[in-house]
Amino acid sequence: RYAFFPGEPRWPENHRDLTYAFNPEEGITDEIRGVFARAFDRWSGVTPLTFEPSTSPFSADITIGFFNGEHGDGEPFDGILGTLAHAFSPPSGRFHLDAAESWVVDDDVTRSPSLAAIDLESVAVHEIGHLLGLGHSSVEESIMYPAITSRTKKVELHSDDIMGIQYLY
Ligand code: TQI
Ligand code: ZN
Ligand code: ZN
């Protein structure tokens, strides 16, 4: 079943139109922007929340960045596989991805020749769940279940994810 962070933090009632920005912007392609836009749409489709891209990382509610190793928050990335990404509970809005992964952006990851290929959209949908206040679920088919395998695409919200997010919003 779905779970929340201790104290059930969430974005406040008067702050439901959220903006997101990439920081750094360097290397962010239109394909990558499209992946994140689709991942946010999955959650806005089942909540009163909206998500708009912004070019101003200092005023955006959510900042997204790809980093290698230690990147200033004491939770260093570890190179290929292991930790792929992390996101903090509301109202932090920080979403970091390990630049060392073999991210698959628009291609069919199930056909990737790389055994370590990770589908960016699948990880984005999961991490946005954390950004909005969901912890990990015990339902294996859910997006918030804490396991992902390489060369797998899992982007559809499960009824368990929807029940969890609709409790918060
Ligand atoms: N990153 C972990 C995760 O997002 C970081 C983490 C561990 C975490 N415990 C947490 C974040 C508790 C918030 C709250 O779960 S990860 C998966 C999954 C990771 C893991 O790189 O290991 C996905 C990233 F769920 F499949 F295991 C994306 Cl989808
Ligand atoms: Zn980080
Ligand atoms: Zn997680």
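User: Pro91 sits in the loop between strand 4 and strand 5. Why is Pro91 called exposed?

Analyst: Pro91 has a relative accessible area of 58%. A residue is exposed over 50%, buried under 20%, and partly exposed in between (1.4 Å probe, protein chains only), so Pro91 with 58% counts as exposed. The C-alpha atoms of Pro91 and Arg10 are separated by 6.8 Å, while the two residues are 81 residues apart along the chain.

User: What are the conventions here?

Analyst: The model is predicted, so local features need pLDDT of at least 70 and side-chain atom pairs count only at pLDDT 80 or more, whereas totals for chains, interfaces and linings use all residues. Residues are numbered from 1 along each chain as its sequence is written, chains are lettered from A and ligands numbered from 1 in the order in which they are written, and side-chain values use heavy atoms, with hydrogens and water left out.

User: How do you know that His86 is buried?

Analyst: The relative accessibility of His86 is 11%, which is why His86 counts as buried. His86 is placed in strand 4 (residues 85-87); strands are DSSP runs of E with at least two residues, helices are runs of H or I with at least four, and both are numbered from the N terminus. Leaving aside residues up to four places away in sequence, His86 touches His71, Asp73, Glu75, Phe77, Arg94, Phe95, His96 and Glu127, where contact means heavy atoms within 4.5 Å.

User: Which residues are the protein donors of the zinc ion (ligand 2), and what makes the arrangement tetrahedral?

Analyst: The protein donors are His71 (NE2), Asp73 (OD), His86 (NE2) and His96 (ND1), at 2.0 to 2.1 Å from the ion. A donor is an N, O or S atom within 2.8 Å of the metal (3.2 Å for Na, K and Ca), and sites may look incomplete because water is not among the atoms. The four donor atoms subtend angles of 94 to 116°. Four donors count as tetrahedral if all angles lie between 85 and 135 degrees, so the arrangement around ligand 2 is tetrahedral. The ideal angle for four tetrahedral donors is 109.5 degrees.

User: How are the donors of ligand 2 spaced along the chain?

Analyst: The spacing is H-x1-D-x12-H-x9-H. His71 lies in the loop between strand 3 (62-67) and strand 4, and His86 in strand 4, so the pair ties together parts that are 15 residues apart in sequence. Both His71 and His86 are buried.

User: Which residues coordinate the zinc ion (ligand 3)?

Analyst: His126 (NE2), His130 (NE2) and His136 (NE2) coordinate ligand 3 at 2.0 to 2.1 Å. Their spacing in sequence is H-x3-H-x5-H. His126 in helix 2 (residues 120-132) and His136 in the loop between helix 2 and helix 3 (159-168), ten residues apart, link distant parts of the chain.

User: Why is His126 called buried and His136 partly exposed?

Analyst: His126 has 13% relative accessibility and therefore counts as buried. His136, at 39%, counts as partly exposed.

User: Which polar atoms of His126 and His130 lie by ligand 1?

Analyst: An N or O atom in the side chain of His126 is 3.4 Å from an oxygen atom of ligand 1. For His130, a polar side-chain atom lies 3.5 Å from an oxygen atom of ligand 1.

User: How many residues does the largest nonpolar core have?

Analyst: The largest nonpolar core has 37 residues, and Phe36, Trp43, Phe95 and Leu132 have the most contacts inside it. Such a core is a set of buried Ala, Val, Leu, Ile, Met, Phe, Trp, Tyr and Cys residues joined through side-chain atoms within 4.5 Å. Helix 2 gives the most to this core, with seven residues.

Methods: Four donors count as tetrahedral if all angles lie between 85 and 135 degrees; four count as square planar and six as octahedral if opposite donors are over 155 degrees apart and all others between 65 and 115; anything else is irregular. A polar contact is a pair of N or O atoms within 3.5 Å; within protein, one must be able to donate a hydrogen and the other to accept it, and residues adjacent in sequence count only if both atoms are side-chain atoms.
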